[in-house]
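Visitor: I am new to this structure and would like to learn how to read it. Could we go through it feature by feature?

Guide: Yes, here it is.

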Amino acid sequence: VRLVESGGGLVQPGGSLRLSCKTSGDPMDYFAIGWFRQAPGKEREGVSCISSSGKITKYAESVKGRFTIVASKAEKMVYLEMNSLTSEDTALYYCAADRSTGYMSDYVSTNPDEYGVWGQGTQVTVSS
């Protein structure tokens with residue numbers, strides 16, 4: 001599995017962005033996908049994730065109601081729709097794959113230690 005993120009940029013507080021994660025290699029039925037972020041001086045944080053079945057999603061409390069994760073298996077893409085952005089959302093955002101969950105599993109975790117394949121990241125900066 002290989003992952004490539006895109007869609008980051010500079011946005012004003014209250015604005016929106018959509019991050020994209022293009023997958024290649026194994027079909028998305030075989031791994032969970034998570035979005036993570038890391039701000040300077042802070043630990044990597046799980047933002048949102050979706051199971052390999054596509055049925056289960058999880059969100060960090062800090063983004064619930066503002067962010068939405070969407071998987072398109074036909075496109076081999078995973079999107080993170082981000083609304084009502086604040087300066088606290090400024091970070092380098094990564095998508096990652098957890099291949100240990102297995103085929104069409106409902107298991108998914110926001111723990112970054114469970115993810116073995118990572119993209120290169122895309123920067124999101126929220127500032128006026």
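Visitor: In what order do the elements of the chain run from the N terminus on?

Guide: This is a predicted model. From the N terminus on, the elements run β-β-β-β-β-β-β-β-β-β-β. The chain comes to zero helices and 11 strands.

Visitor: How does the radius of gyration of the chain stand against the globule rule?

Guide: The radius of gyration is 14 Å, close to the 14 Å that the globule rule gives for 128 residues, so the chain is as compact as a globular protein of that length. Along the principal axes, the C-alpha atoms fill a box of roughly 45 × 25 × 25 Å. Of the 128 residues, 45% count as buried.

Visitor: Now the sheet. In what order do the four strands of the open sheet lie?

Guide: The general idea is that strands of a sheet pair through backbone hydrogen bonds, either parallel or antiparallel. Here four strands form an open sheet in the order β1-β3-β8-β7, and the pairing is antiparallel. β1 (2-6) and β7 (67-72) stand at the edges with a single partner strand each, so one side of each is left without a neighbour in the sheet. From one strand to the next, the twist averages 15 degrees.

Visitor: How many bridges join β7 and β8?

Guide: β7 and β8 (residues 77-82) pair over six bridges, in the antiparallel sense. To follow this on the model, find Ala-71, which stands opposite Val-78 in β8.

Visitor: Next, the charged side chains. How many salt bridges does the count come to?

Guide: Side chains of opposite charge can pair when their charged atoms come close. In this model the count comes to six salt bridges. One of them joins Arg-37 and Asp-89, whose closest N and O atoms are 2.9 Å apart. Arg-37 lies in strand β4 and Asp-89 in the loop between β8 and β9, so this pair ties together parts that are 52 residues apart in sequence. Both Arg-37 and Asp-89 are buried.

Visitor: Which other side chain meets Asp-89 in a salt bridge?

Guide: Arg-66 does, at 2.8 Å from N to O. Asp-89 is in the loop between β8 and β9, while Arg-66 is in the loop between β6 (57-59) and β7, so the pair ties together parts that are 23 residues apart in sequence. Arg-66 is buried, as is Asp-89. Salt bridges that share partners join Arg-37, Glu-45, Arg-66 and Asp-89 into one network.

Visitor: Lys-64 and Glu-61 also form a salt bridge. Is Glu-61 buried or exposed?

Guide: Glu-61 counts as exposed, at 62% relative accessibility. Its partner Lys-64 is partly exposed, at 45%. The closest N and O atoms of Lys-64 and Glu-61 are 2.7 Å apart.

Visitor: What about the aromatic rings: how many pairs are there?

Guide: The count comes to four aromatic pairs. In one, the rings of Tyr-30 and Tyr-103 have their centres 5.0 Å apart and their planes at 50 degrees, so the pair is tilted. Tyr-30 lies in the loop between β3 (17-24) and β4 (32-38), and Tyr-103 in the loop between β9 (91-98) and β10 (117-118), so the pair ties together parts that are 73 residues apart in sequence. Tyr-30 is partly exposed, with a relative accessible area of 41%, and Tyr-103 counts as exposed at 52%.

Visitor: How are the planes of Tyr-94 and Trp-118 set?

Guide: That pair is edge-to-face, with 80 degrees between the planes and 6.0 Å from centre to centre. Tyr-94 lies in strand β9 and Trp-118 in strand β10, so the pair ties together parts that are 24 residues apart in sequence. Tyr-94 is buried, with a relative accessible area of 12%, whereas Trp-118 is partly exposed at 27%. Phe-36, Tyr-94, Tyr-115 and Trp-118 form one aromatic cluster.

Visitor: Which charged end sits over the ring of Tyr-94?

Guide: The charged end of Arg-44 does, 4.2 Å from the ring centre. Elsewhere, the charged end of Arg-18 sits over the ring of Tyr-79, 4.2 Å from its centre.

Technical notes:
Residues numbered from 1 in each chain as written. Predicted model: local features only at pLDDT ≥ 70, side-chain atom pairs only at ≥ 80, totals over all residues. Heavy atoms only, no water. Phe/Tyr/Trp six-rings, centres within 6.5 Å; stacked < 30°, edge-to-face > 60°. Helix = DSSP H or I, 4+ residues; strand = E, 2+ residues; numbered from the N terminus. Buried < 20%, exposed > 50% of the residue type's maximum accessible area, 1.4 Å probe, protein only. Lys NZ or Arg CZ within 6 Å of the ring centre and 35° of its normal. Pairing = 2+ DSSP bridges. Axes fitted to C-alpha atoms, helices over the stretch in contact; angles between N-to-C directions. Salt bridge = Lys/Arg side-chain N within 4 Å of Asp/Glu carboxyl O. Rg over C-alpha atoms; globule rule 2.2 N^0.38 Å.
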